[in-house]
Amino acid sequence: MARKLLLAGNWKMQKTAREAAAYAREFLPRVKAISTIDLLLCPPFTALAAMADALKGSVVQLGAQDVCWKESGALTGEISVSMLKEFSISHILVGHSERRQYLDEGNALIAEKMKVILVAGLIPILCVGENAMHRKTKRHLTFVQGQLAAAFKDLNASDAVRTVIAYEPIWAIGTGNTATQKQAQEMHAGIRAWLSKHYNSATAERMRIIYGGSANADNCRTLLEQPDIDGLLPGGASLDPAVFATMAEIA
Ligand code: PGA
């Protein structure tokens, strides 16, 4: 089954609202004719309002980088899904390895976030991926399957098809050390096999599994040639509008 590619830029903690608007002015004219792939930008929370304005009427969708697991309440500093919906966002990243690593986000919390996003009618992009030690000791696939089992524990097949999975090996993020097309394809196929077993093959075939970890304009073509790689989640390479537009053209 042909799955539409998703090219999603994760800006992380970079760009002010003003810088985001300047990015949009440069990026949008370059991608306005692109319709065969889905394009998404995930700026920081503080740039969502500026980006919602800038992207209005364009082919580029808007996403957030995180959300609170609760709908509302006494949770100082947190941001709820309904607050994010005010900016007409479509997707929310969940369980990025930087949040797992530096903010101690665990699998149980991530599973709650998946649910809150789906209930709100938005699309979670679940990030999974092993560290260098898991790979060295050949436990990478089991490790990622464990992350999947926890995140999809309470979700049925009709929920699952409304999600995206991003495979992001930690050793490849921000290092320039991109997974080879073989390593990435092998893991994506392994994730799809897990989905097929956990749900069914029709569900697994419909779901998009995208790759992140030093994806850039030079390596995106070979990665996207792989049958189970349905898009990319670049961080660094999405920060420059010319580079990200080039990636969109290649995809
Ligand atoms: P990178 O980040 O492309 O800069 O490696 C990817 C990500 O963490 O989403």
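Visitor: What makes the pair formed by a polar side-chain atom of His96 and an oxygen atom of the ligand a polar contact?

Guide: In this predicted model, the polar side-chain atom of His96 lies 2.7 Å from an oxygen atom of the ligand. A polar contact is a pair of N or O atoms within 3.5 Å, so the His96 pair counts as one.

Visitor: Which backbone atoms lie 2.7 Å or 2.8 Å from an oxygen atom of the ligand?

Guide: For Gly174, a backbone N or O atom is 2.7 Å from a ligand oxygen. For Ser214, a backbone N or O atom is 2.8 Å from a ligand oxygen. Both values fall within 3.5 Å, so these pairs are polar contacts too. Of the 280 Å² of accessible area that the ligand has on its own, the protein covers 95%.

Visitor: What makes Lys12 one of the residues around the ligand?

Guide: A residue belongs there if one of its heavy atoms lies within 4 Å of the ligand. Lys12 is among the 13 residues around the ligand, and His96, Glu168, Gly174 and Gly235 are listed with Lys12 as coming nearest.

Visitor: Which pocket does the ligand take up, and what is the volume of that pocket?

Guide: The ligand takes the space of the second largest pocket, which has a volume of about 160 Å³. Its lining has 17 residues, with Lys12, Ile173, Gly174, Gly235 and Gly236 nearest the centre.

Visitor: Why are nine residues of that lining called polar?

Guide: The lining divides into six nonpolar, nine polar and two charged residues. Gly counts as polar, so Gly174, Gly235 and Gly236 are in the polar class.

Technical notes. Residues numbered from 1 in each chain as written. Predicted model: local features only at pLDDT ≥ 70, side-chain atom pairs only at ≥ 80, totals over all residues. Heavy atoms only, no water. Polar contact = N/O pair within 3.5 Å; in protein donor to acceptor, adjacent residues only side chain to side chain. Areas by Shrake-Rupley, 256 points an atom, 1.4 Å probe, with all protein chains shown as cover. 1 Å grid on protein atoms, 1.4 Å probe; cavity = no way out; pocket = protein on both sides within 12 Å on 5 of 7 lines; lining within 4 Å. Sits in = over half its atoms within 2 Å of the grid points. Points joined across faces, edges and corners; volume = space filled by probe spheres on them.
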